[in-house]
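Work through the exercises below with the sequence and the three-dimensional structure open beside you. Try each task on your own before you read the solution that follows it.

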Amino acid sequence: NAVSYAHSYGVKVFLTLNTLLTSNQLDLAAYNALYAAKLGVDSLICQDIGLATRLLTHRQKHPEDLPLEIHASTQMSIYNKSGLEFLKSLGFDRCITARELRLSELEEMCKANIMDIEFFCHGALCISISGQCLLSAYLSGAIEGTAFNESGSLSGRSGNKGTCSGPCRLKYAFEHDSFTNKINPYNYKLSPSDIATLSYLDDVIKTGVASLKIEGRLKSPEYVAYVTRQYRNALDNYKNYGKCHPNEGNKTVAISNMQLLFGRDKFISGNHFSMMQQDSITLDYPGRKGLFIGTLADVPVKLPRPANMPRNLTLFKIIVKSNACTLKSSDGITVLKGFPVAGGIVNKVVTGHNTYSITIAGNIEDGRFFTDKYVNAPVFQTYSNDLYAEISSMTKQGYTRCKNRISALFTAHSGEK
């Protein structure tokens, strides 16, 4: 049903089979690939070279069974022309390059014109090389050597089995350094911010890349719709006007809105221009922050709860120091300091001199919130009623289902309705 629905809008469906397999899993994986082909899937994305060569060989002998493309996953870690030539010799149709490439290296591979190249342009980054990480498997006991489950695969949660537990989003500290006597704090040392190429998409296009890939794992439909639309618009602008952003103001708004929908911190360029820097790591908090609007200017005030307010909510007021705050009633905010300390839905905003008095109905996660402990803590906007209304309107217009020619036999008799 999903494939038919997507195709009715002219949208292709690529199936990710990019996990590593043991010998006793190959038959089932190959069967699933053939079954997906019958359902009309347009492409298979593979990491396991054994599965990929098996499918490529089958497609060569029986093309009617696999009338689709086979793409090399980014987790194959293809960094150069030799890697592309190897994939081409096997019969791959496209390579999704390693995410550690610089744009200059990507351009060199594209200009070789060996095969189609797809490039990650937006979304979450793994701290390890192209996602080839054993930390989740190690911490969950999946690489002890004998811990196999009934299906024959390693137990635990492995990033190379599609079940990563996200240990890079946890706190870590280095061991105590007895030589310098320094105590290293626990923080999120392995948690990079999200990548976004929208601001320099012209440079990406000039490399000659054939396709852009947007990471959307566990993201909301609104996020997927908005982010995809911004990149599509930018590509269309480049085609029509020679540059992705004829209006710089629109680009700034788009990036801010993407940050609001899901931003761990400020977007980064990863390794596209140089080695990823220390400030690309979200040391203070690894999850979604939203859009930074200011800091707490005073001690929060707890207000009397109205009779009609649910008992699990608290009514409170905060003073936010900000140069520009666009919060409105029904928007959402969060106060963060190592974790979400408080947050909720905005009831009222009163503007002062570089400060804003904001009344909120929400949740308090720390009983010390109504003390001076969190003065100067950062405040983020996490929901915009106007933005979500815009996205809702956007998704209801501008999409036309494809018309497919059909053959049918119609029989009718005189007098029948």
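**Exercise 1.** Find in which loop asparagine 113 lies, and decide whether this residue counts as buried or exposed.

Solution. Begin with the position along the chain: in this predicted model, asparagine 113 lies in the loop between H5 and S5. Next, turn to its accessibility, which is 66% in relative terms. Since the cut-off for an exposed residue is over 50%, asparagine 113 counts as exposed. Finally, look at the backbone, where asparagine 113 has a positive phi of about 55° although the residue is not a glycine.

**Exercise 2.** Carry out the analysis again for serine 330, stating where the residue is placed and how accessible it is.

Solution. Serine 330 is found in the loop between strand S10 (314-321) and strand S11 (332-336). Its relative accessible area is 33%, and serine 330 is therefore partly exposed. As for the backbone, phi of serine 330 is near 85°, which is a positive value in a residue other than glycine.

**Exercise 3.** Locate serine 77, determine whether it is buried or exposed, and list the residues that it touches beyond four places in sequence.

Solution. The first step places serine 77 in the loop between strand S3 (69-72) and helix H4 (81-90). The second step uses the relative accessible area of 16%: because this value is under 20%, serine 77 is buried. The third step sets aside residues up to four places away in sequence, and the contacts of serine 77 are then Ala98, Ile129, Ser130 and Gln132.

**Exercise 4.** Explain how the buried residues of H4 are arranged around the helix, and name the elements against which they pack.

Solution. First collect the buried residues of H4, which are Gly83, Leu84 and Leu87. Viewed down the axis of H4, these buried residues fall within an arc of 100°, so they line one face of the helix. It helps to recall that an α-helix has 3.6 residues a turn, so residues three or four places apart point the same way. Then turn to the face of H4 that points away from the buried side, which carries the exposed residues Ser82 and Ser89. Lastly, the buried residues of H4 pack against S3, strand S4 (94-96), helix H5 (103-111) and strand S5 (116-123).

**Exercise 5.** Identify the residues with the most contacts inside the largest nonpolar core, and then describe the contacts of leucine 55.

Solution. The largest nonpolar core has 58 residues, and those with the most contacts inside it are Leu44, Leu55, Leu84, Leu87, Phe92 and Tyr231. Once the neighbours within four places in sequence are left aside, leucine 55 is in contact with Ala30, Ala33, Leu44, Cys46, Leu66 and Ile70. Apart from this largest core lies another core, of 19 residues, among them Val335, Tyr374, Ala377 and Val379.

**Exercise 6.** Describe how the axes of H8 and H10 are placed relative to each other, and say which residues meet.

Solution. Two packed helices are described by the angle between their axes and the distance between the axes. The axes of helix H8 (residues 221-241) and helix H10 (residues 385-395) come within 10 Å and cross at roughly 75°. H8 and H10 are therefore roughly perpendicular to each other. From H8, the residues Glu222, Ala225, Tyr226 and Arg229 meet Leu387, Tyr388, Glu390, Ile391, Met394 and Thr395 of H10. Sorted by class, this contact of H8 with H10 has six nonpolar, one polar and three charged residues.

Definitions and conventions:
Residues numbered from 1 in each chain as written. Predicted model: local features only at pLDDT ≥ 70, side-chain atom pairs only at ≥ 80, totals over all residues. Heavy atoms only, no water. Helix = DSSP H or I, 4+ residues; strand = E, 2+ residues; numbered from the N terminus. Buried < 20%, exposed > 50% of the residue type's maximum accessible area, 1.4 Å probe, protein only. Contact = heavy atoms within 4.5 Å. Core = buried A, V, L, I, M, F, W, Y, C linked by side-chain atoms within 4.5 Å. Axes fitted to C-alpha atoms, helices over the stretch in contact; angles between N-to-C directions. Parallel < 35°, antiparallel > 145°, perpendicular 65-115°, else oblique. Nonpolar A, V, L, I, M, F, W, Y, C, P; charged D, E, K, R; others polar. Arc of directions from axis to C-beta.
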